Amino acid sequence: MNINNKEDPFYRYKMSEIILTTEGKNQNTRTIIKNYGMICKELKRDQELLSVFFSHQLCLRTNIGQNHELIIFKECDKPTLQETLKEYIKHFIMCKSCNNPETKILSDSKMLGLSCSACGSVSEIIITSKFNKYYDYLLKKLPKTNITIKSNVAHVEIKKIELSDPEVIIKNFINDTTTGRDLYFELQRIKVSRELNDNDIAMMLTKLYITNKFNIYVETMKLIKCKNILDVIVGVLIENKKEIMISDILEELRDDCINENDILEWIDSKKDNNNNNNMINKYIQIYGKWLRDTDDE
Ligand SMILES: [Zn+2]
């Protein structure tokens, strides 16, 4: 379904049309949304969390099948399901400030908000009697964010909070299925909106990596193509007093992001450089020696 009507608040949203089949008879009739997994992927929403929405709104039991299909334990027609999904998109996906669908649901202790990666705002999700059961469910289920979600706060003010902390946007963006490419494109967007350069991006990513390891760090760093990447990393480690992590990071990046000869060349260039930070230089040289010894064997 390509919602292309400009009168429609979500005309920008392109999504797949629901594909349905029905199985069983009478009391055992089940309606199956065959492409449910794909829909969740397009909406960037967790399969379980969206299935609970269907269950609450339809007052029916649901289950997610082995092929990521949604099984609804009763006969349902397509318009009803499509309408339910539309309600979800309207209230739990579309950014309240810029009407873009690139959002993530945030939860603090009392409220839900939508954090938008297109405009950077965090807008409140309004509780209505229609959705309060689902609202409560999400409040309990979602991890708590350290961003304060404020109701009816001027857009500019919210943006200021977000601007000071693009790391939070990145952190919230990464989940189990995020690829290095996804993250790279997200970073490009942040880069433009925040007027950052590749070094700033590499710095933020490294800072996040040393505090919460994530498995697409190397893959993403490779795509960023930051100049002096190793010096940038050293700067972040010194600033965060994590000098000891330098050999782990060099080992992670070796071959997958930077070739070994370039690493060794960089290590040699640091040899007589004792004026900056002795501790990290020592670790770097130990790693260089280890690397050469391993190669000689
Ligand atoms: Zn927005």
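Helices α8 and α10 are oblique to each other, because their angle falls outside the ranges for roughly parallel (under 35 degrees), roughly antiparallel (over 145) and roughly perpendicular (65 to 115). This is a predicted model: local features need pLDDT of at least 70, side-chain atom pairs count only at pLDDT 80 or more, and totals for chains, interfaces and linings use all residues. Residues are numbered from 1 along each chain as its sequence is written.

**Packing of α8 and α10**
- α8 spans residues 198–211 and α10 spans residues 229–239.
- Their axes lie 9 Å apart, at an angle of about 50°.
- The crossing of α8 past α10 is right-handed.
- Contacts (C-beta atoms within 7 Å) involve Asn199, Ala202, Met203, Thr206, Lys207 and Ile210 of α8.
- On the α10 side, the residues are Ile229, Val232, Ile233, Val236 and Leu237.
- By class, this contact has 8 nonpolar, 2 polar and 1 charged residues.

**Nonpolar core**
- The largest nonpolar core (buried nonpolar residues joined through C-beta atoms within 7 Å) has 31 residues.
- Ala202, Leu205, Met221, Ile229, Ile233 and Ile246 touch the most other members.
- Elements giving two or more residues include α6 (166–173), α7 (180–193) and α13 (278–296).
- α10 gives the largest share, 7 residues.

**Glu252**
- Glu252 sits in helix α11.
- Glu252 counts as partly exposed because it has 16 C-beta neighbours inside 10 Å; buried needs 20 or more, exposed 12 or fewer.
- Tyr217 is 35 residues away along the chain, yet its C-alpha atom is 9.1 Å from that of Glu252.

Technical notes
Axes fitted to C-alpha atoms, helices over the stretch in contact; angles between N-to-C directions. Helix = DSSP H or I, 4+ residues; strand = E, 2+ residues; numbered from the N terminus. Left-handed = near helix turned anticlockwise from the far one by under 90°. Contact = placed C-beta atoms within 7 Å. Nonpolar A, V, L, I, M, F, W, Y, C, P; charged D, E, K, R; others polar.
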